[in-house]
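Me: Please take a close look at one part of this model, the aromatic rings and the sheet around them. I would like a single connected account rather than a list.

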Amino acid sequence: SMLKAYIHLHELGHAHSVEVWHGDELAGGTYGVQIGGLFAAESMFYRVRDASKVAVVKLVEHLQTQGFALLDIQQLTPHTARLGAKEIPRAEYLHRVAAAVELPLRF
């Protein structure tokens, strides 16, 4: 049911993946759901060490250039903290989500 849901969200233009390829082989990536200026990252995957980390770096760069307001990574890790991620209070998070989803952005 999750696969069907993500396929449907992709067809609607909301689910996206950032993939890292090594030649013709998928090395890793990350995926999630976008609404307005919010990107909610769901998960990272890899077949080659650190490929998912490269995908996250590229995702952050893309979102910044497109003017996204919020990247929700769900859980702070040492790696995402090194990239600038930080925990914020729930009230601030809810305020930022409400503002972000109103932005007329596309991935």
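Reply: Phe45 counts as partly exposed, at 27% relative accessibility. The model is a predicted one, and the values here are computed from it. Phe45 belongs to one aromatic cluster, together with Tyr6 and Tyr31.

Within the model, the count of aromatic pairs comes to two. In one of them, the ring centres of Tyr6 and Tyr31 are 5.5 Å apart and the planes stand at 85°, so this pair is edge-to-face; the cut-off for that label is over 60 degrees. Tyr6 sits in helix 1 (residues 2–11), while Tyr31 sits in strand 2 (residues 25–35), so the pair ties together parts that are 25 residues apart in sequence.

The two tyrosines fall into separate accessibility classes. Tyr6 has a relative accessible area of 18% and is therefore buried, given that buried means under 20%. Tyr31, at 28% relative accessibility, counts as partly exposed.

Tyr31 also pairs with Phe45: the centres of their rings are 6.5 Å apart and the planes make 40°, so the pair is tilted. A plane angle under 30 degrees would have counted as stacked. Since Tyr31 lies in strand 2 and Phe45 in strand 3 (residues 38–46), the tilted pair ties together parts that are 14 residues apart in sequence. Tyr31 thus takes part in the pair with Tyr6 and in the pair with Phe45.

That leads to the sheet. Its four strands form an open sheet in the order 1-2-3-4, and the pairing is mixed. Strand 1 (15–22) and strand 4 (70–72) are the edge strands, each pairing on one side only. On average, neighbouring strands of this sheet are turned by 25° against each other, with direction ignored.

Strands in a sheet pair through backbone hydrogen bonds, in either a parallel or an antiparallel sense. For strand 1 and strand 2 the sense is antiparallel, over eight bridges. Glu19 has Gly29, in strand 2, as its bridge partner. Helix 4 (residues 90–100) packs on the sheet and touches strand 2, strand 3 and strand 4. The direction of helix 4 makes about 120° with that of strand 4.

Key. Residues are numbered from 1 along each chain as its sequence is written. This is a predicted model: local features need pLDDT of at least 70, side-chain atom pairs count only at pLDDT 80 or more; totals for chains, interfaces and linings use all residues. Side-chain values use heavy atoms; hydrogens and water are left out. Rings of Phe, Tyr and Trp (its six-membered ring) pair if their centres lie within 6.5 Å; planes under 30 degrees apart count as stacked, over 60 as edge-to-face and the rest as tilted. Helices (H or I, at least four residues) and strands (E, at least two) are DSSP runs, numbered from the N terminus. Buried means under 20% relative accessible area, exposed over 50%, partly exposed in between (1.4 Å probe, protein chains only). Two strands pair if DSSP finds at least two bridges between them. Axes are lines fitted to C-alpha atoms, for helices over the stretch in contact, and angles run from 0 to 180 degrees between N-to-C directions. Contact means heavy atoms within 4.5 Å.
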